Amino acid sequence: MVSASSTTSSPLSATIVEPTIFDLSSRGRVGVRMPESDVPAAEPPPQHLLRPELPLPELAEVDVVRHYMRLSKFNYSVDGGFYPLGSCTMKYNPKINEDVCRLPGFLFTHPLQPIETVQGNLALMYQLQEWLKEIAGFAAVTLQPAAGAHGEFTGVLMMRAYHKSRGDDKRVKMLIPDAAHGTNPASVGMMGMTVVTIPSDERGNVDLKALEAACDDTVVGMMLTNPNTLGLFDENIEKVIALVHGCGGLMYGDGANLNALLGIVRPGDLGFDVMHFNLHKTFAVPHGGGGPGVGPVGVAARLADFLPEPLVGILEEGDEDKDMPPLYGYMKPAKSIGRMKAFHGHFGGGFVRSFTYIAMHGPDGLKDIAQYAVLNANYLQARLRDTYHIPFDRICMHEFVAEGQFEGSDVRALDISKRLMDYNFHPPTNYFPLIVHEALMIEPTETENKDTLDAFAETMIKIAEEAKTNSAIVKSAPNNTQFGRMDEVKAARELVLCCWLPENYDLSA
Amino acid sequence: MTYIPISPHERDEMLATVGVKSLDDLFTAIPAKHRFPKLDLPPAWTEMDALEELTNIANANENVRGDLISFLGAGMYNHYIPSVVDHMLRRGEFYTAYTPYQPEISQGTLQAVFEYQSLMAALTGMEVSNASHYDGATATAEAVNLAFAQYRGKRRKVVISPTVHPQYRAVIRTYTQGMDIQLVGDAADAELDSDPSDLLAHVDDNACLVIVQYPDFFGRVYDYTKFIDDVHAKGALVCVVANPTALAMFKTPASMGADIVVGDGQPLGIPMWFGGPSVGFFTTRKQYVHKMAGRLVGETVDSKGQRSYVLTLTAREQHIKRERATSNICTNQGLIALGTAVYLSLLGKSGLRQVAELCYQKAHYAANALSKINGYSLAHNEPFFHEFTLVCPKPVAEINAHLLEHGILGGYDLGQDYPSLANHMLVAVTEMNSKEEIDTLVEVLSEVDHG
């Protein structure tokens with residue numbers, strides 16, 4: 001018998017739109033028929049080691065398919081519509097990438113196979129390392145980190161290791177602008193360093209005076225997102241980097257916003273020492289409903305020895321005359337910080353898709369991405385400028401931040417976001433960056449056409465009108481969706497984190 | 001312009017609305033000397049080029065579904081993936097959505113993750129599961145963070161069994177570099193005749209966590225019940241790194257008293273994909289939920305009184321706590337967790353037991369046959385699941401080179417990580433290995449000249 005723990009209670013009064021997979025279970029149903037064993041029976045394990053019962057659901061294949069199909073219809077997605085979620089780069093994910101990443105040679109290779117049997121995989125990884133170096137202007141790249149935050153952690157570990165290797169042990173301060181993503185200070189906190197917050201000036205740039213005052217010989221470095229989370233390229237970037245380098249610090253670039261810079265400027269050329277890429281943003285790896293991400297890290301020459309192991313390198317040069325390719329294999333950097341995860345990183349879901357995406361764009365296509373991402377953002381900003389207050393109003397990069405509040409109306413940014421759902425748009429990012437009141441952070445990406453942008457702008461203008469004339473309909477939104485606003489307090493208070501098979505379910509074999 | 005849906009005349013209208021003359025005029029904030037670099041990249045491929053080139057690259061590999069017969073595991077396993085799993089993962093509604101920050105229009109992802117959490121808790125026997133970590137290794141490293149936080153940094157030692165996956169131990173070392181934490185227990189070369197209880201010598205009142213693997217890296221299945229009791233008596237928590245397929249057959253770490261059960265979900269319906277992405281599961285007792293990193297989905301109701309799901313306890317997370325967060329984690333492995341949930345739903349109670357039973361039977365058939373070859377023997381007498389350690393008469397690298405000539409991917413060379421275990425091969429057998437394949441392996445090894 002299963003005793004339901006306190007984590008598995010279910011609100012008795014709630015209407016159930018789609019039962020859980022456990023609710024749908026019926027004793028004796030079979031989803032997959034496995035083959036009979038073709039070997040003589042072995043002696044079973046000792047009885048005391050055996051599991052008495054396995055409380056998993058029992059369903060037929062069609063039950064499972066219909067369940068997950070119904071769930072999928074509750075999701076808003078890029079394939080379904082406009083998703084201007086600031087800082088997340090929700091661009092269209094090309095379908096060919098889905099096909100190529102599932103080629104059997106990729107799907108069914110084991111990460112510990114001898115290198116001679118995986119030369120295709122290693123060649124692809126090597127080439128992707130080279131392309132990322134070229135795109136962002138770095139001396140070396142590791143593909144291993146699993147996501148942006150993981151790449152950041154990698155970068156900060158390398159910065160720490162670099163200073164320590166020079167006997168420079170007193171560096172404990174990381175400078176982080178007030179507009180930064182939350183992952184930046186969190187990555188630093190994991191390392192026991194202290195965060196010094198640097199304010200932004202009235203144009204949305206790093207406040208140079210505050211930066212200068214914070215720069216001393218205890219600075220590990222600075223973590224800067226550029227373009228920053230206001231969507232603005234720091235107009236004093238060279239001075240910022242010179243100040244940080246001047247005090248012996250290293251410059252970390254948060255590559256979350258790299259989409260705006262492809263073929264426009266290379267962070268390495270500007271003087272950044274280390275930067276993580278978000279292949280799931282810039283290079284069209286689908287976001288997957290919250291992962292997996294892919295967070296390679298590029299570094300300047302002086303940090304290359306500290307990269308995680310292994311990297312992919314050429315062990316033996318090839319010979320083009322004899323049509324002989326090089327032999328690719330693994331390399332361990334001399335002062336490597338170690339391993340960030342098991343195996344080599346998000347190969348199939350990440351590297352293959354990004355490789356294909358970059359190859360299909362070429363140098364001119366990559367520049368087009370940045371140019372049109374920036375055009376689309378500026379076009380929307382221009383169309384909304386008269387209706388929504390834009391606190392840092394200048395030519396933006398790939399995104400901009402508007403204020404979601406109006407004089408004399410109790411409508412807030414969150415209400416506007418929820419009301420957008422009624423018009424079948426995904427909301428922008430809310431309440432971030434923290435330095436803008438009622439922030440609506442809007443990133444259209446380059447893969448939206450003018451009609452979509454116009455329809456979104458007109459809807460935003462209409463909602464602003466509603467906020468003044470009929471705020472109740474905005475405050476109660478979403479009104480037309482399957483699900484209304486959630487009781488988040490109840491979720492946190494009652495903390496029901498799992499469901500279970502129904503009470504009295506017969507678990508015998 | 002591969003995926004850009006804007007025509008030249010639309011572009012010009014838009015530029016006029018913005019108030020600039022050309023696209024290049026949008027970038028005057030960028031230092032002129034670094035503006036518009038010429039990127040040294042090959043010219044753009046068409047979709048036809050891409051398909052052809054990528055097919056060539058993939059074919060330059062030898063895969064384990066046709067090219068090679070595989071007996072390689074060591075943390076990643078070749079299991080059958082029913083067709084349904086990928087059909088569900090290819091739904092654009094799932095794979096092109098973002099993290100479900102707007103729950104009203106993300107209930108598909110949220111309920112699926114809630115079900116994933118429920119399935120993982122049911123499988124490990126634990127009370128709660130988070131929405132997943134990057135992989136088994138990083139999930140294990142997060143267990144260190146939990147235990148460290150649980151004792152508020154007052155216990156600064158973590159005891160790790162040498163029979164935890166070597167790469168997992170390496171990741172823990174990387175993660176804790178800045179934490180002033182002592183990692184002990186796995187420094188000595190692992191002796192195959194060692195017993196988990198040998199670790200107890202390291203467990204004192206400065207230890208916050210003890211980490212063991214189940215089955216251990218050499219394939220052995222131990223009942224850790226007494227061991228966990230002994231560790232608890234000294235006040236430390238216990239994390240068990242578990243193989244999820246084995247849990248369909250063997251008693252749960254929860255029933256042995258484990259505080260945290262983690263592992264890699266790849267065996268549950270995820271392709272090996274040359275090492276990733278997979279999914280790290282993390283399950284624990286409810287009392288530790290506030291110290292657990294990663295996302296969590298909880299049940300609630302919406303304004304219409306409908307049962308629904310939201311990301312909950314977000315106050316633990318980086319975007320609220322910033323530098324005071326226990327972890328910087330932002331993403332989970334959403335889509336892979338979904339794949340795992342579909343796999344477990346589909347196989348269910350009987351299917352997963354059958355997979356485990358097939359693995360067990362075939363591995364034991366292989367172990368029995370291999371240990372009868374002259375010069376080969378099993379390295380241990382303990383029960384095992386689908387992986388075991390074979391003592392070979394020659395260095396494993398030599399044997400594997402020979403096997404490869406016969407189209408066989410041999411087992412993992414333990415001498416790489418454990419110098420005293422040169423000539424020791426870790427052999428994995430799953431439901432994908434037919435009797436004929438096993439017999440071929442035995443035959444090829446029997447023919448080797450061991451002189």
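**Close-up views of strands in chain A**

**View 1. Strand β2 and its parallel partner β3.** In this predicted model, strand β2 (residues 173–177) of chain A is joined by five bridges to strand β3 (residues 194–198) of chain A, and the two run parallel. Within this pairing, Met174(A) stands opposite Val195(A) of β3(A). Between the two strands, the chain passes from β2(A) through helix α6 (residues 183–189) of chain A to β3(A), forming a right-handed β-α-β crossover.

**View 2. The two faces of strand β2.** In a regular strand, side chains alternate between the two faces of the sheet. From β2(A), Lys173(A), Leu175(A) and Pro177(A) point one way, whereas Met174(A) and Ile176(A) point the other way. Five of the five residues of β2(A) are buried, so this strand is largely enclosed by the rest of the structure.

**View 3. Strand β2 and strand β4.** β2(A) also pairs with strand β4 (residues 219–225) of chain A, in the parallel sense and over three bridges. Here Val219(A) in β4(A) is the bridge partner of Lys173(A).

**View 4. Strand β6 with β5 and β7.** Strand β5 (residues 250–255) of chain A runs parallel to β6(A), and four bridges join them. Gly253(A) has Met275(A) in β6(A) as its bridge partner. Strand β7 (residues 297–299) of chain A, by contrast, runs antiparallel to β6(A) and is joined to it by three bridges. In that pairing, Val299(A) of β7(A) is the bridge partner of Val274(A).

**View 5. The two faces of strand β6.** From strand β6 (residues 274–277) of chain A, Val274(A) and His276(A) point one way, and Met275(A) and Phe277(A) point the other way. All four of these residues are buried.

Note on methods. Residues numbered from 1 in each chain as written. Chains lettered and ligands numbered in written order. Predicted model: local features only at pLDDT ≥ 70, side-chain atom pairs only at ≥ 80, totals over all residues. Buried ≥ 20, exposed ≤ 12 C-beta atoms within 10 Å, placed from the backbone. Pairing = 2+ DSSP bridges. Right-handed = clockwise from strand over helix to strand, strands pointing away.
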